[in-house]
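Me: Take me through one part of this structure in close detail, please, then work outward from there. Keep it casual, but give me the cut-offs as you go.

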Amino acid sequence: MNRKPTMHGPQKSDGPIVPAKQPNKVAAATAEAVEGRGPAMGNTIEQNATRTQCRIVAHSALDRVRQAARKDRKAKFTALLHHVTLERLRGAYASLEHRAAPGVDGMTWAEYGEGLEKSLADLHVRLHGGAYRAKPSRRVYIPKPDGRQRPLGIAALEDKIVQRAVVEVLNAVYEEDFLGFSYGFRPGRSQHQALDALAVGIRRKKVNWVLEADIRGFYDAIDHGWMVKFLEHRIADKRIVRLVQKWLAAGILEDGKWAEVTAGTPQGSTVSPLLANVYLHYAFDLWVEQWRKRYAHGDVVVVRYADDFVVGFQDEVDARRFHQDLDARLRQFHLELHPDKTRLLRFGKHAVSQQRQRGLGKPASFTFLGFTHICGKARAGGFVLVRHTSSKRMRAKLHSLKDQLRKRMHLPLPEQAAWLANVVRGYFAYHAVPTNVHAIGAFRVQAVRHWHKALRRRGQKRRIDWERMQTIADECPLSQTSCPIR
C-alpha cells in the first residue's frame with residue numbers, strides 16, 4: 001500500500017495527536033492478557049454474505065485495508081466509499097432481520113426484495129453520485145427493567161442497508177485499533193466473553209477494589225462535533241464522513257412530527273454501536289491505557305461493554321484517583337458518570353476478611369451485564385466469584401413472559417409449549433454460567449407457574465391443577481430445556 005498521500009490508500013496524518021500505541025498484534029495480546037482473554041479469532045469476517053467470486057474479491061480488498069491499518073497506526077484512509085459495492089449492499093440487505101419493524105418509509109424487508117436488483121442498483125448510483133439522503137429515524141420505546149422507557153430509533157430500510165455496508169468497511173480499520181478490553185457490539189465478541197474476562201481478571205489479578213460505572217444517557221449525549229473529529233483521526237474520505245453526518249443529523253420522527261437532533265445517535269440503528277465504540281475508544285479506552293501505565297501502583301483490570309464498564313484495582317489510592325480523574329476526563333467530551341449506577345466498593349479475594357477486620361458486614365456486590373457479582377466462599381475455604389442473575393432482570397423477564405402467555409393462552413397447547421420452550425432455552429443460553437444453577441432453575445419453575453395461570457384463565461370446565469400442569473410441562477418440549485452450565 002502506497003504510503004504517499006493518495007486517493008487510493010492511507011495518508012500520513014497531520015491531524016490531532018492520538019496517544020501512541022504498539023502494533024495491534026502486540027497491543028491486543030497485551031491488553032487481552034491483562035483482562036484474562038485471548039484475542040478474538042476471525043472477528044472481522046462477516047458471516048452472513050454468500051461466498052461468490054465477487055464476495056471473495058471484496059474481502060480481499062478489505063484485507064488490504066486491514067493490513068494498511070495494522071501497519072500504520074497514524075495513517076488516514078482517503079478512499080473507502082468505493083468498497084461499498086453493489087455486492088456489499090446486496091450482502092447487507094441479506095443480513096438484515098427479515099421481520100424487523102419498518103422505518104418512516106414504511107418499507108419492509110420483503111417488499112424491498114420484490115424488485116431487489118433494480119432497487120439496489122439505484123441505491124448504489126445515488127450513494128456514489130452524492131444523491132443519497134438519509135431519512136429520519138422512527139422513534140419507539142421499549143420498557144427497561146427499572147420500569148422506565150428506553151427510546152429506540154428505527155431507520156428506514158435503505159438507511160439500514162447503507163449503514164450495514166459502511167460498518168463492514170469501517171470495521172476493517174477499527175477492528176485493528178480497538179483495544180482488547182472492549183467487547184461491546186464487535187464482530188466475534190460477546191457479552192459472555194466480557195463476563196469471562198472480568199471473572200478471570202478478578203481471580204488472577206490482585207483486585208481489592210472495583211469501580212462499577214455507567215455513563216448517564218450515553219447514546220443521547222454523544223457530541224456530534226467530537227464524533228466527527230474522532231472519525232477524522234483515521235477516516236479522510238470525506239464522503240464517508242458526510243454519510244455519518246447525514247445519519248446523525250437526520251433527526252427523529254415521533255407521532256408524525258420531525259424533531260432535530262443536535263447530539264446523540266439513535267439506539268437501534270445499525271451504525272450506532274460502531275460510532276459508540278469509536279467515541280469511547282478515544283474518550284475512554286486510550287486514556288485508560290495511558291492512565292494505568294503512568295499512575296497505577298498496582299494491578300488494574302478493565303472490561304468495557306458499550307457504555308457499561310468495570311475497573312478493578314489492587315490499591316485503594318489508585319481506585320479513588322481513577323474515579324476522580326475519570327469523571328473529569330468524561331466531562332471533556334460532554335459525558336458524565338451516572339451517580340446512581342457508579343460505585344466504588346471493596347471486592348475480591350480478601351474483601352471478606354478486610355470487612356470483618358473493620359467490623360463491617362459482607363462486601364457489597366455489583367451488577368454487570370445482567371449478573372450480580374458476589375464475593376463467595378468455596379467449600380475448601382478459598383475465594384470464589386459467585387454470579388447470580390440480577391433479580392431486577394429476572395423479574396422484568398418474567399413479567400414480559402406473563403403478558404405474552406396471556407396473549408397466547410387460546411392457542412393449541414403444543415404451540416404454546418413449543419414457544420415457551422424456545423423462550424426458556426434462550427434464557428438458559430445466556431444465564432447458564434457457573435454458580436447460577438439455582439437462579440435459572442427458579443426461572444423455569446416460575447415460567448411453568450405463569451403458564452399454569454394462563455391456562456386456568458381459558459374458562460374451561462375442567463381446570464388444570466398443579467399436578468397435571470407438571471405432567472404437561474414434563475411431556476412437552478420444556479422437558480428438554482436442561483441447564484447447560486458452561
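Reply: Let's start with the hairpin made by E12 and E13, which has five residues between its strands. In that turn, Gly381 has a positive phi of about 105 degrees. E12 covers residues 371–377 and E13 covers residues 383–389, and they pair in the antiparallel sense over seven bridges. Thr372 is one residue to click on, as it stands opposite His388 in E13. (Two strands count as paired if DSSP finds at least two bridges between them; strands, E, are DSSP runs of at least two residues and helices, H or I, of at least four, all numbered from the N terminus.)

A word on what you're looking at: this is a predicted model, where local features need pLDDT of at least 70 and side-chain atom pairs count only at pLDDT 80 or more, while totals for chains, interfaces and linings use all residues. Residues are numbered from 1 along each chain as its sequence is written, and side-chain values use heavy atoms, with hydrogens and water left out.

Sticking with phi, most residues other than glycine have a negative value. Asp255 goes the other way, with a positive phi near 55 degrees. Asp255 sits in the loop between strand E6 (252–254) and strand E7 (257–259). Asp255 counts as exposed because its relative accessibility is 75% (exposed is over 50% relative accessible area, buried is under 20%, and partly exposed is in between, using a 1.4 Å probe and protein chains only). His334 isn't a glycine either, yet its phi is positive at about 65 degrees. You'll find His334 in the loop between helix H12 (316–331) and strand E10 (343–346).

From E6 you can hop across to strand E3 (residues 137–143): the two run parallel and are joined by two bridges. Ser137 has Ile252 in E6 as its bridge partner. E3 also runs antiparallel to strand E4 (residues 149–154), with six bridges joining them. There, Tyr141 is matched with Pro151 in E4.

Now the charges. Side chains of opposite charge can pair when their charged atoms come close. The structure holds 18 salt bridges, each being a side-chain nitrogen of Lys or Arg within 4 Å of a carboxyl oxygen of Asp or Glu. One of them joins Arg88 and Glu168 at 3.4 Å, N to O. That pair links distant parts of the chain, with Arg88 in helix H3 (residues 86–95) and Glu168 in helix H6 (residues 157–174), 80 residues apart. Both partners are covered: Arg88 counts as buried because its relative accessibility is 1%, and Glu168 is buried too, with a relative accessible area of 8%.

H6 also holds Asn171. Asn171 is buried because its relative accessibility comes to 9%. Its C-alpha atom is separated by 8.7 Å from that of Arg66, which is 105 residues away along the chain.

Arg186 and Glu175 make another salt bridge, their closest N and O atoms being 2.9 Å apart. Both lie in the loop between H6 and helix H7 (191–204), so this pair ties together parts that are 11 residues apart in sequence. Arg186 is buried, with a relative accessible area of 5%, and Glu175 is buried, also with 5%.

Back in the His334 loop, between H12 and E10, Glu336 meets Arg216 in a salt bridge at 3.4 Å, N to O. Arg216 belongs to the loop between strand E5 (209–214) and helix H8 (218–221), so the contact ties together parts that are 120 residues apart in sequence. Glu336 counts as partly exposed at 29% relative accessibility, and Arg216 is partly exposed with 37%. There's a network of salt bridges as well, linking Arg73, Asp177 and Arg234.

One last stop is a positive surface patch formed by Arg406, Arg449, Lys453 and Arg457. Patch members have over 30% relative accessible area and no salt bridge; like charges are joined within 9 Å, and nonpolar side chains (Val, Leu, Ile, Met, Phe, Trp, Tyr) within 5 Å. Areas come from the Shrake-Rupley method with a 1.4 Å probe, and for residues only the protein chains shown count as cover. Lys and Arg count as positive, Asp and Glu as negative, and His and the chain ends are not counted; the charge is placed at NZ of Lys, CZ of Arg, CG of Asp or CD of Glu. Of these, Lys453 lies in helix H16 (residues 437–456), and Lys453 counts as exposed because its relative accessibility is 53%.
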